[in-house]
Amino acid sequence: MLHALALAEIEDCNSEELENVSAFSYELIDAASIDAGSLQSIKTSNSKVELVFQWIQQLVVVNISTGVLAIPAPILSRSFQELANGMVEFHDAFKISSIPFPFPYAQTCDCLLALHWIGTPFVIC
């Protein structure tokens, strides 16, 4: 669910319509086990990815204290670090997808490509 929400947010960062986002059509493993209140809170949240990320971290911490996850501390801290690195990469990808490409830069690139296309046959011959 976290990956689908992250892809959906990166894919459709400027639109309010959620029906056209293809990332929401992905199949989820055991999606029926999520209660209606949690699904409603995800649906109404403005930061869906961060909400599910926080839920995952809370589940890990709760299951450490109950003894379900009886693993050494270095391995556990590495799993938290990898989760955090994933969120950093998500935010970097979101910044890239939400900032528009500058129009003057695009036009300059097109002009230079056209000049290169026109000038290359004369330079080679």
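Let me start with a cut-off: buried is under 20% relative accessible area, exposed is over 50%, and partly exposed sits in between, using a 1.4 Å probe and protein chains only. By that scale Arg78 is partly exposed, at 47%.

Quick caveats. What we have here is a predicted model, where local features need pLDDT of at least 70 and side-chain atom pairs count only at pLDDT 80 or more, while totals for chains, interfaces and linings use all residues. Residues are numbered from 1 along each chain as its sequence is written, and side-chain values use heavy atoms, with hydrogens and water left out.

Okay, the overall picture. The protein chain has five helices and zero strands, taking helices as DSSP runs of H or I with at least four residues, strands as E runs with at least two, and numbering from the N terminus. Its radius of gyration is 22 Å, well over the 14 Å that the globule rule gives for 125 residues, so the chain is more spread out than a compact globule. That radius is over C-alpha atoms, and the rule is 2.2 Å times the number of residues to the power 0.38. The C-alpha trace spans about 75 × 40 × 25 Å along its principal axes. Just 14% of the 125 residues count as buried.

So what is in the largest nonpolar core? Nine residues: Leu2, Leu5, Ala6, Ile42, Val49, Val52, Phe53, Met87 and Phe90. Helices H1 (2-11), H3 (48-66) and H4 (73-98) each put in at least two of them. By core I mean buried Ala, Val, Leu, Ile, Met, Phe, Trp, Tyr and Cys residues joined through side-chain atoms within 4.5 Å.

Back to Arg78. Its side chain meets that of Glu82 in a salt bridge, 3.2 Å from N to O; the cut-off is a Lys or Arg side-chain nitrogen within 4 Å of an Asp or Glu carboxyl oxygen. The two are four residues apart in helix H4, so about one helical turn separates them. Glu82 is partly exposed too, at 41%. Helix H4 also has Lys95 and Asp92, three residues apart, with a salt bridge at 3.6 Å.

Last stop, the aromatics: there are two pairs. Phe101 and Tyr105 have ring centres 5.4 Å apart and planes at 70 degrees, so they are edge-to-face. Pairing needs centres within 6.5 Å; planes under 30 degrees apart are stacked, over 60 edge-to-face, the rest tilted. Phe101 is exposed at 58%, and Tyr105 is partly exposed at 48%.

Conventions:
Phe/Tyr/Trp six-rings, centres within 6.5 Å; stacked < 30°, edge-to-face > 60°.
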